[in-house]
Amino acid sequence: MSNQANARSAHARPAARGLLRPALISAVFFMVVTGIVYPLATTGAAQMLWPAQAQGSLLLRDGVPVGSRVIGQAFSQAQYFHGRPSATQGVDPTDPARSVPQPYNAAASGASNQGALSRQLLGDVAARVAAYRQENGLDAAQAVPVDAVTASASGLDPHISLANARLQAARVAQARQWPEQAVLALLARHSETRQFGLLGEPRVNVLELNLALDEAGAARLGNQ
């Protein structure tokens with residue numbers, strides 16, 4: 001039996017060595033194709049066909065990137081339009097084991113995962129409604145757009161509805177000492193329609209609109 005076992009082992013060793021070479025060649029081949037060729041091909045195609053999107057859909061001011069068209073930012077000053085709430089989290093700087101709210105944290109896109117019956121969510125929405133009405137000078141009976149008081153699924157939505165923007169226009173105009181119609185006209189120029197005429201709702205990109213406000217403000221000062 002020992003001689004037979006040794007014979008089988010002797011036959012198995014050349015067979016194993018025969019499989020090693022094609023296995024290594026296959027592993028190297030697929031590493032090169034999937035790890036080098038495919039990423040380079042898709043990156044090159046994206047750079048040629050959609051260069052702006054491939055670079056992150058960046059928005060520039062004086063040649064310096066100030067944000068992206070597809071990632072919202074938090075605005076709180078009265079002279080700017082405010083985006084919708086964001087429920088993204090981040091690491092607590094005082095305790096790395098804990099998470100704390102960090103609105104529009106692009107490294108941690110996500111929602112609150114709170115259900116419609118969540119007391120925490122209902123309380124947060126009620127507080128946001130009250131704050132929205134106060135900062136925009138609305139009375140208690142004024143309806144508040146849902147996107148003004150609820151976070152998006154990503155927490156990074158760069159847009160707000162036109163209804164939301166129009167309710168903020170008076171505050172922005174007052175803070176900038178502009179006629180409200182001038183702010184509304186700028187809003188109309190930067191409004192976006194439904195994609196392909198079907199998808200989504202009419203909206204406006206908050207960062208683009210706020211950059212346009214600053215540009216128009218600089219032009220008004222230059223003309224004085």
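Me: Which residues does the UniProt annotation "transmembrane region" cover?
Reply: Happy to start there, with a predicted model whose local features need pLDDT of at least 70 and side-chain atom pairs 80 or more, while totals for chains, interfaces and linings use all residues. Numbering runs from 1 along each chain as its sequence is written, and side-chain values use heavy atoms, without hydrogens or water. The annotation comes from an unreviewed UniProt entry, and such annotations may be inferred rather than shown by experiment. It covers residues 20–41.

Me: How far apart do the end C-alpha atoms of residues 20–41 lie?
Reply: The span is 100% helix and 0% strand, by DSSP runs (helix H or I, at least four residues; strand E, at least two). From one end C-alpha atom to the other, residues 20–41 reach across 30 Å.

Me: What volume does the largest pocket have?
Reply: A pocket is an open set of 1 Å grid points over the protein atoms alone where a 1.4 Å probe fits, with protein on both sides within 12 Å along at least five of seven lines. Volume is the space filled by probe spheres on those points, joined across faces, edges and corners. For the largest pocket, this comes to about 400 Å³.

Me: Which element gives the most to the lining of the largest pocket?
Reply: Lining residues have an atom within 4 Å of a point. There are 18 of them here, and the closest to the centre are Phe75, His82, Gly83, Arg84 and Pro85. Two elements, α3 (119–135) and α4 (162–176), give two or more residues. With four residues, the top contributor is α3.

Me: How many residues of the lining of the largest pocket are charged?
Reply: Asp, Glu, Lys and Arg count as charged; Ala, Val, Leu, Ile, Met, Phe, Trp, Tyr, Cys and Pro as nonpolar; the others, Gly among them, as polar. This lining has eight nonpolar and seven polar residues, and the charged ones number three.

Me: Which element gives the largest share of the lining of the second largest pocket?
Reply: This pocket holds about 290 Å³ of space. Of its 17 lining residues, the closest to the centre are Ala87, Ser112, Gln114, Arg128 and Ala151. By class, the lining has seven nonpolar, eight polar and two charged residues. Three residues, the largest share, come from α3.

Me: How far apart in space are Arg203 and Ser161, C-alpha to C-alpha?
Reply: Arg203 sits in strand β7 (residues 203–205). Beyond its neighbours within four places in sequence, Arg203 has contacts (heavy atoms within 4.5 Å) that include His159, Ser161, Leu162, His190 and Thr193. Arg203 and Ser161 are 42 residues apart in sequence, yet their C-alpha separation is 4.5 Å.
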